[in-house]
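Trainee: I'm new to this one, so could we go through it together? I'll ask, and you can reason it out with me.

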Amino acid sequence: METIKIKLDYTVIEGNGYPEMKITLDKRLITNWVAGDDNDIEFSAGLNTGDHVLRIHQSNKNHKTDGFRAFELQKIYVNSADLKHNIHNFVQWPELPRWEQTGKQEQWEDNLHLGHNGYLELNFSTPIQEWFKKIFRWGKPTRGQHSSFDAIKEAREKLKRLC
Amino acid sequence: MGKLHKKELEKNLEMNDSDFKKLDILLLNVPISNITYPPAATTLLKGVVVQHGFTALVQDLNFDLNQRLNDDDIFTDVSDYLCNISDSTPYLTMLNNILDDWVQDIVAQNPKFVGVSVFTFQCQHSTRLLLEKLRPLYSGKIIVGGAGISTNGINGSTDFGKTLLAEELIDFYVRGDGETAIIRILNNEDGPGINNTNFSQSRDLDQYANPDYSDVIDLPYAYEEDYKLLPINGSRGCVRACTFCDIHTFWDKFTFRSGESLAREMIDNWTLHGVQHFTFTDSLINGSMREFRALLKYLVAWYAENNLPEAFFRFSGQFIVRNERQQTQEDYKLMAKAGCQNMMIGVETGSDEVRAHMQKKFTNAELDFVIGQFSENNLNCFFSMISGYPTETKQNFDDTLDMFSRYQKYALDGTIIGLNLGATLSIDEGTALYDDMKEYGYLMLHDSDNSSRVGINWVNPQNLELTLEERIKRRIDLQEFVMDRGFVVWNGDTHLKRLMKSYERVQLGNY
C-alpha cells in the first residue's frame, strides 16, 4: 500500500452557485466539496500497486438555470510534484444536456474546462515513482556509472567488519 | 595492426610512407574516464596544433577499451583495477593484449610526438602501464598533461608527471594551459608549465582555434539518446573560492570566452558535423552573466533568423547558484529558449551553516528560487554533493536529508535528473581547507610525510563526533535515503567501492 498525496489548483465560474465537486479514485469516493474561492484542494489516498483512475466530477449543475457554472483544472501535483504538461493527459467525459446529445458518449481530450456535469479522468499507476519515470524524462546513468542498493549493503557490511 | 580506430588507420593506409612520417603528434586519451562524448582535451589540442601548421591525430584509447570489453562484469573489473580500486584483475592477460595492440599501433604510426591526456588521477594507472610498454619501443618524444598529472587535485604537486619524468618514461609534462605549451614543445622550445609548475595562464581564450573532432566524430560514443554530443570549453578558473576546491587557486584569474565565440563554435559544429547537443566542460557556464546572456541571446536570435525552433541546440554545463537579483526570472526563460539543460550545480549540502563555511555564497532560500525556476521553465539539473564536511554536525547532515525530502518533487518531475554524492570529503593540496588547515583546526591523522597529508584521513578536533567512520556512515546513509526517494545517483557504486578501499587502506596503515 502506497499513500499518494494529490493537490489540485483550479479556477471556477459561478453560475447560480459554485460547482459541486467530488473526487473518486478507482470509483471510491475520496472527497466532495463546493468549489468556491479556495482554488485548491488536497487529499491523500492509500493505493495498492497497479493501475488507477482519478476522476474529478461536477454534478447537480442545472444547465437551464446555472449558466456558465464551471470548474477548470489549472494544475495537479502528485506527492508535491507538478505534473506540468502531463495535465493534458486528462480526458473529459461530459454529461451533455439532452438537447446537445448526439447519441454517443462524448470524450474530450485536453479539455480541462468542466462546464457540464461529468468528470475529468486521469489514468496512472503505482508505484508512483515508476509512473513518474514514464511520464517525465529521468536521468539514466551510462555504463559504469550506475548505483545500486547492493553496493550500499556491501559498503555497510564492510564498514561493520572493518570498524 | 590492432583494432582501434579503423577509420584513421584506413585513412593512414591510403597515405604513402612519406605522408605517414608527417604526423607530428599523436594525441591519446587513456582509460578510465566517461565515454558519453568525444574527448575534450585532445580534440581541443588538435585544433590548436593544426592552427599552427602541424599535423595531429586523436585516438581515444579509453573509448577503445570500452568497446573491446563488451561484457559489463569484465569491464567493471578491469575498470576497478585501472582506477586502483582493486589491486588485481583476473583479466590481466586480456588487458595486456590490448595494451600491446595500442603500442603496436602507436609505433607503426611513428609520430614525432605522442601526447597523453591524463584526464584525472583515475587515468594514471593506465598511463603508466601504456608508457612502460611504449617507451622501449618508441623513439619519439612523449608528453603528458592534464589534471591527472597531480594525484591530489589539479593544484597538487604534479607528482605523477614528475615521477614519470624521473623514471624517464616521458620527456615532458605540461601543467596548465596545454594550448600554449604544446606548440612550444613542437617547436623545440622550453617554457612556463613545461617540466615545471610555473605555468602562465592565457588571458585570451578566444585566440584559439575550435576543437577538431574529425578523428572521433564518427565513433559510437555512449550518447544518452540517439544523438551526438560534443564538449565545449568556455572558461578557465572560477568566480567563487570554495574552501574544498582548488580550481580558483590553480587558475589565478577567471578567464572566459565571449558568448558570441561560443555560439559560433556551436553553430560551426552544427554545420560541420550536424551536432545539436553540447556539454560545457569548464567549471561554470554562468560565471560571467554578461557573456552567458550574450551566448543565450545570440543562439535565440540565430534560431529565429534560420527558422529553427527554440532550444534547437541543447547544452549542459556547470552552473552556480546566483540570487534573483543577479540572475532573474527572465534569464531562466532565456536559458530555456536557448536550450540549456542538465546544469550541474554544486549544492554540496542542505545546511546553510555548512555551505557558508564552504564559501559557496548561496543559501537554501536562494537555491529554492533557482530550482523553482528550473522546474517552472522545464530546465533540469544535476546536484553535486559532499557529505562529511569538517564542520558538519549531525543536525547539519539531517538538514541535507530534509532538503532531499523537500526536493523529492523535483526528482519526480525530472527537474533534478541526477546526483553525484562523491566519496566523502577528500582534503586536497591547493585548497583552502588544506592550506589553512591550522587556521581551520583540522588535524591530518596520517602525516608522516607531506605527500600523504591529504585525502580522507583527517579529523577536526573541533568536531570530534565526525570520525572517518561517521563520515562513511553518513555517505552510505545519504545514498540510501535519496535512492529510496527516487533520486538517480550517478557513479554511486564506484564511489562507495573507492571509499571502502580507501578506508581499508587507512585501517591497514597504508593509506
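Trainee: Is N84(B) buried, partly exposed or exposed?

Mentor: N84(B) sits in the loop between helix 5 (72-82) and helix 6 of chain B. Buried means under 20% relative accessible area, exposed means over 50%, and partly exposed lies in between (1.4 Å probe, protein chains only). With a relative accessible area of 36%, N84(B) is therefore partly exposed.

Trainee: Before we go on, what kind of model is this?

Mentor: It's a predicted model, where local features need pLDDT of at least 70, side-chain atom pairs count only at pLDDT 80 or more, and totals for chains, interfaces and linings use all residues. Residues are numbered from 1 along each chain as its sequence is written, chains are lettered from A and ligands numbered from 1 in the order in which they are written, and side-chain values use heavy atoms, with hydrogens and water left out.

Trainee: Which residues is N84(B) in contact with, leaving aside neighbours within four places in sequence?

Mentor: Contact means heavy atoms within 4.5 Å. Leaving aside those sequence neighbours, the contacts of N84(B) are H125(B), K501(B) and R505(B).

Trainee: How far apart should the ends of helix 6 of chain B be?

Mentor: Helices here are DSSP runs (H or I, at least four residues), numbered from the N terminus. The expected span is 1.5 Å times one less than the number of residues. Helix 6 of chain B (residues 92-109) has 18 residues, and its end C-alpha atoms are 26 Å apart, which agrees with the expected 26 Å.

Trainee: Is Q109(B), in helix 6 of chain B, buried or exposed?

Mentor: Q109(B) belongs to helix 6 of chain B, and just after that helix N110(B) takes a positive phi of about 50°. The relative accessibility of Q109(B) is 2%, so Q109(B) counts as buried.

Trainee: How are helix 12 and helix 13 of chain B oriented to each other?

Mentor: The axes of helix 12 (residues 289-305) and helix 13 (residues 329-338) of chain B come within 9 Å and cross at roughly 45°. Axes are lines fitted to C-alpha atoms, for helices over the stretch in contact, and angles run from 0 to 180 degrees between N-to-C directions. Angles under 35 degrees count as roughly parallel, over 145 as roughly antiparallel, 65 to 115 as roughly perpendicular and the rest as oblique. Helix 12 and helix 13 of chain B are therefore oblique.

Trainee: And how are helix 2 of chain A and helix 20 of chain B oriented to each other?

Mentor: The axes of helix 2 of chain A (residues 149-162) and helix 20 of chain B (residues 468-484) come within 10 Å and cross at roughly 160°. Among the residues of helix 2 that meet helix 20 of chain B are F149(A), I152(A) and L159(A). The two helices are therefore roughly antiparallel.

Trainee: Is R474(B) buried or exposed?

Mentor: R474(B) is found in helix 20 of chain B. Not counting residues up to four places away in sequence, R474(B) touches several residues, including S387(B), E392(B) and F397(B). At 2% relative accessibility, R474(B) counts as buried.

Trainee: Last one: which residue takes a positive phi just after helix 15 of chain B?

Mentor: Helix 15 of chain B covers residues 364-376, and its end C-alpha atoms are 18 Å apart, in agreement with the expected 18 Å. Its buried residues include L367(B), F369(B) and F374(B). Just after helix 15 of chain B, the positive phi of about 55° belongs to N378(B).
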